[in-house]
Protein chains: 2
Amino acid sequence: MTSGAGTLDEASEAYPRIQRRTLHDEVLERMRDMIIEGTLAPGQRINEGLIGAQLGVSRTPLREAIKTLASEGLVEIQPAKGAIVRKFSSADMRNILEVLKNLEQLGGRMACEIASDETIAAIRALHDAMMEQYSVRNRLEYFKLNQAIHSAIVAASGNDVLVEMHGTLQARIKRLRFIGNEGPEKWAGAVAEHETMIESLEKRDVEALMEVIRLHMDSTRLRVWDVL
Amino acid sequence: MTSGAGTLDEASEAYPRIQRRTLHDEVLERMRDMIIEGTLAPGQRINEGLIGAQLGVSRTPLREAIKTLASEGLVEIQPAKGAIVRKFSSADMRNILEVLKNLEQLGGRMACEIASDETIAAIRALHDAMMEQYSVRNRLEYFKLNQAIHSAIVAASGNDVLVEMHGTLQARIKRLRFIGNEGPEKWAGAVAEHETMIESLEKRDVEALMEVIRLHMDSTRLRVWDVL
DNA sequence: TATAATTATGCTGCATACAGAATACTTGCC
DNA sequence: GGCAAGTATTCTGTATGCAGCATAATTATA
C-alpha cells in the first residue's frame, strides 16, 4: 500500500463513488413501481415490445429487468409465453406475512439491543411525520412513511441480509397492503399498533415489541383479507 | 366451468405439465453450480464472451442469468466493468447465519406442529442415509444429504415463502460450508448436532429443537470461521 | 529505469435481426 | 350458426452487431 491509498480512502468516504446507472436498473425500478402502483395489474401479461416502447428502451435491458423481477417474486415467467405480474393467493399472503413477522421480530429484538438512541430517535421522527400525514388523511404519504418505519426498525438491527430479505418480501405485499388499509377503522387500528411499536422500541422493551409486531402482522392479514 | 375442466385438472395432476427449459434456466443452473463448486472462485470476474463460449451459448441468455444470480446475491455487478463472483466477509457470514438460524427455527417450530409422521420419517431416512455416507467418509454425498435435511425440515413447515428465502441464503453459504466442514473433529460435531435435531423433531419437542438449531448455526459459524 | 502519456485491445451495454412458438384470425364445412 | 382446420400475425427466445467505456500495452520522457 502506498501513501496515496489513505488519501483515496478518505476521499471515497467523503465523496462516495457515484455508480453508473444502467438501463437495466432504471427499467427495473420503473417496473417495480408500476407493479406496486397497479399500472401493471396482477395476472396481466407483460408485452415486451409494448412496455419497451413505452419506456423508450429496447427489449434487451427490459428482459433483464424482468428476469430480476421474477427472481424477486414479483412476476412469473412462462417460457415461450411471456411474463405475467404475479397474483398472490391468500395462502401466499399468509406465508409471506408469517415470514415477515419473524424477520421483523428478529430485527426488532436486535434493534432493542444494539440500536443507538439517535437511531431510535430517527425512527420516532418518522413515526411523528407519519402521524402528521395521518391527521391530514394523506394516505399515500402516510403509507410511504409506514413502510419506511418498518424498514428502519429492521435496518436498526445492523444486519444487511435481514434488511434485504425483509425488503424483498415487503415489496411483494406492498400493493395489497396499500389497498388493504383503505377503510378508516382499519387505518386507525394500524396507527395504534404503530404507536405501541415505537414506544416499546424507545423503552427497549423486547417482549412488548415482539408482541406488538405479532399483533400488527396478524391484523395486517385481516385487514388485507378481503382484498384478495 | 364446463365438464371438460375437471378432466383437464385431473390430467394435469397425474401428468404435470412439462415446462420448457430455456437457455436462461439452463445457464443459471450451471453457473450456480460453478460458483458452489468453486469453478468460479469468489472475487473472480465473469467474462461473458468466455463463459458463453464455454457453455456454447450466446451472451444474451447468459447475461440474463447473471442478472438473476445478482438478484440472488451470488454475484455482484459493476456497471461497465462486469460481474464478479461475490466474496463474503465474516460479517456477511454472521448476518447470513443469523437470519438462516431464525428461518430454520421458524421452519422447525411449524414442522413440529403440522408435519405428518410420514414427513418426519422421510427426514429421518435422509438422516440415516447421511450417517451412512458419514461412516464411509464420502464427504460430497454427506454434504448433499446434510443440505437436503435442512431444506426438508424447512419444507415441512408447509410455507413456500420460507422455503424460498431459506434456499436463497443457503445457496450463498453453501460453498463456505462445504469447505468449512473439512476437519474430522468439526465434521463429527456437526453430525452429533444433526442427530439431536432429528430426535427432537421426532419427539416434536419444540424447545429442544430450537436449542439445537441455535447451537448448530452458531457452531457452523465457528467451523467456517477460518475459511474466510 | 521508472513514470507519465498515448495508443490499442477487450469487454460491456444496448439495439436489432431472425427463427420458431403461441395466439388470433379466417375460411370451409357440417 | 357453430365448430374445425388451416393460415396469418404477434411475440418470445436467441444470436449478432456496434458504440463506448475500461484496461492493458506501448511509447515517450525525465
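Contact here means heavy atoms within 4.5 Å. By that rule, and leaving aside neighbours within four places in sequence, A:Leu23 is in contact with A:Val57 and A:Pro61. Keep in mind as you read on that this is a predicted model.

**How the two chains relate**

Let's start with the overall arrangement. A turn of 180 degrees, with a shift of 0.0 Å along the axis, lays chain A on chain B with an RMSD of 0.1 Å. That is the relation of a two-fold axis. Both copies use the same surface, as 100% of the contact residues of chain A recur in chain B.

**The pockets**

Now for the open space. The largest pocket holds about 1,300 Å³. It is lined by 47 residues, and the closest to its centre are A:Lys67, A:Ala70, A:Ser71, B:Leu28 and B:Thr68. From chain A, the elements that give two or more residues to this lining are α4 (59–72), β2 (75–78), β3 (82–85) and α8 (160–180), while from chain B they are α2 (23–37), α4 (59–72) and α8 (160–180). Sorted by class, the lining of the largest pocket has 14 nonpolar, 14 polar and 19 charged residues.

The second largest pocket comes in at about 920 Å³. Its lining takes in 35 residues, and the closest to the centre are A:His24, A:Asp25, B:Lys67, B:Ala70 and B:Ile77. Here the elements of chain A that give two or more residues are α2 (23–37) and α4, joined by β1 (45–46), α4, β2 (75–78) and β3 (82–85) of chain B. By class, this second lining divides into eleven nonpolar, ten polar and 14 charged residues.

**A closer look at single residues**

Back to A:Leu23, which sits in helix α2 of chain A. Its relative accessible area is 48%, so A:Leu23 counts as partly exposed. A:Leu23 also has a partner far along the chain: A:Ala65 is 42 residues away in sequence, yet the C-alpha atoms are 8.9 Å apart.

Over in chain B, B:Lys87 belongs to the loop between β3 and α5 (90–114). With a relative accessible area of 60%, B:Lys87 is exposed. Not counting residues up to four places away in sequence, B:Lys87 touches B:Pro42, B:Gly43 and B:Asp92. Its C-alpha lies 8.8 Å from that of B:Ala41, a residue 46 positions away in sequence.

Helix α7 offers one residue to look at in each chain. In chain A, A:Lys144 lies in α7 (residues 139–155), and at a relative accessible area of 47% A:Lys144 is partly exposed. The C-alpha atoms of A:Lys144 and A:Phe178 are separated by 9.3 Å, with their positions 34 residues apart along the chain. In chain B, B:Asn146 lies in α7 (residues 139–155). Is B:Asn146 buried or exposed? At 7% relative accessibility, B:Asn146 counts as buried, because the cut-off for buried is under 20%. Setting aside neighbours within four places in sequence, B:Asn146 is in contact with B:Met130 and B:His194.

Here are the relative accessible areas side by side, with the two Cys112 residues added:

| Residue | Relative accessible area | State |
|---|---|---|
| A:Leu23 | 48% | partly exposed |
| B:Lys87 | 60% | exposed |
| A:Lys144 | 47% | partly exposed |
| B:Asn146 | 7% | buried |
| A:Arg204 | 28% | partly exposed |
| A:Cys112 | 5% | buried |
| B:Cys112 | 5% | buried |

**Backbone oddities**

Two arginines are worth a glance if you check backbone angles. A:Arg204 has a positive phi of about 55 degrees, although it is not a glycine. A:Arg204 is placed in the loop between α9 (184–203) and α10 (206–225) of chain A, and its relative accessible area of 28% makes it partly exposed. B:Arg137 is not a glycine either, and has a positive phi of about 60 degrees. B:Arg137 is found in the loop between α6 (117–135) and α7 of chain B.

**Cysteines**

How many disulfides are there over all chains? The count comes to zero, where a disulfide would need a pair of cysteine sulfur atoms within 2.5 Å. As for burial, A:Cys112 is buried at 5% relative accessibility, and B:Cys112 is buried at 5% too.

Definitions and conventions. Residues numbered from 1 in each chain as written. Chains lettered and ligands numbered in written order. Predicted model: local features only at pLDDT ≥ 70, side-chain atom pairs only at ≥ 80, totals over all residues. Heavy atoms only, no water. 1 Å grid on protein atoms, 1.4 Å probe; cavity = no way out; pocket = protein on both sides within 12 Å on 5 of 7 lines; lining within 4 Å. Points joined across faces, edges and corners; volume = space filled by probe spheres on them. Helix = DSSP H or I, 4+ residues; strand = E, 2+ residues; numbered from the N terminus. Nonpolar A, V, L, I, M, F, W, Y, C, P; charged D, E, K, R; others polar. Buried < 20%, exposed > 50% of the residue type's maximum accessible area, 1.4 Å probe, protein only. Least-squares fit on C-alpha atoms with pLDDT ≥ 70 in both.
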